[in-house]
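Colleague: Hey, got a minute to walk me through this one? I'm new to reading structures, so plain words please.

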Amino acid sequence: MTAPECFPEMRPLLGGCRYADCRHLSEPGCVVRTAVEEGRSQAGRYESYRDLRAEIEAEPEGWE
């Protein structure tokens, strides 16, 4: 399971971004960020996603 899949409110949006490998952080055409900006998704939950994503990306290579 990837970070976005851990957030049920994001699941319907996945696959709708301009880029298939969108990380939902700063990429243009991101439907997840658009939903937050338009108030259709909670900003606090999105911040939790960003924190989780940062934590995952900071893990040492090969760490399990």
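**Talking it through**

Modeller: Sure. Of the 64 residues in the protein chain, 28% are buried, where buried means under 20% relative accessible area, exposed means over 50%, and partly exposed is in between (1.4 Å probe, protein chains only). This is a predicted model, so local features need pLDDT of at least 70 and side-chain atom pairs count only at pLDDT 80 or more, while totals for chains, interfaces and linings use all residues. Residues are numbered from 1 along each chain as its sequence is written, and side-chain values use heavy atoms, with hydrogens and water left out.

Colleague: Okay, how many helices and strands does the protein chain have?

Modeller: Two helices and zero strands. Both kinds are DSSP runs numbered from the N terminus: helices are H or I with at least four residues, and strands are E with at least two. Helix α1 covers 31–37, and helix α2 covers residues 43–58.

Colleague: What does the radius of gyration of the protein chain say?

Modeller: The protein chain has 12 Å, which agrees with the value near 11 Å for a compact globule of 64 residues. That radius is taken over C-alpha atoms, and the globule rule is 2.2 Å times the number of residues to the power 0.38. Along its principal axes, the C-alpha trace spans about 35 × 25 × 20 Å.

Colleague: And the accessible surface, what does it come to?

Modeller: About 4500 Å², and carbon and sulfur atoms hold 49% of that. The areas come from the Shrake-Rupley method with a 1.4 Å probe, and for residues only the protein chains shown count as cover.

Colleague: Switching topic: how many disulfides does a search of the whole structure find?

Modeller: Zero. C22 is in no disulfide, and its nearest cysteine sulfur, that of C30, is 3.8 Å away. A disulfide needs a pair of cysteine sulfur atoms within 2.5 Å.

Colleague: So why is there no bond for C30?

Modeller: Because the closest cysteine sulfur, in C22, is 3.8 Å from the sulfur of C30, too far for a bond.

Colleague: Are those two buried or exposed?

Modeller: C22 counts as buried at 10% relative accessibility. C30 is buried too, with a relative accessible area of 2%.

Colleague: What about H24, where is it found?

Modeller: In the segment before α1. H24 counts as buried, at 4% relative accessibility. Its phi is near 65°, a positive value in a residue other than glycine.

Colleague: Why point that out?

Modeller: Because most residues other than glycine have a negative phi.

Colleague: Good to know. Which residues does R33 touch, leaving out those up to four places away in sequence?

Modeller: R33 touches H24, L25, S26, E27 and Y46, where a contact means heavy atoms within 4.5 Å. R33 lies in helix α1 and counts as buried at 19% relative accessibility. From R33 to Y46 it's 13 residues in sequence and 8.1 Å in space, C-alpha to C-alpha.

Colleague: And where is the place of F7?

Modeller: F7 is in the segment before α1, and F7 is buried, with a relative accessible area of 6%. Leaving out residues up to four places away in sequence, F7 touches R45, S48, Y49 and L52. The C-alpha atoms of F7 and S48 are separated by 9.3 Å, although the two are 41 residues apart along the chain.

Colleague: What share of the contacts in the protein chain with a separation of 6 or more comes from residues 24 or more positions apart?

Modeller: That share is 39%.

Colleague: Back to helix α2. Is E47 buried or exposed?

Modeller: Neither: E47 is partly exposed, with a relative accessible area of 40%. A54 is found in helix α2 and is partly exposed as well, with a relative accessible area of 44%. The C-alpha atoms of E47 and H24 are separated by 11 Å, and those of A54 and D21 are 16 Å apart.

Colleague: Last one: how far apart are the mean positions of the positive and negative charges?

Modeller: They are 7 Å apart, for 8 positive and 13 negative charges. Lys and Arg count as positive and Asp and Glu as negative, with His and the chain ends not counted. Each charge is placed at NZ of Lys, CZ of Arg, CG of Asp or CD of Glu.
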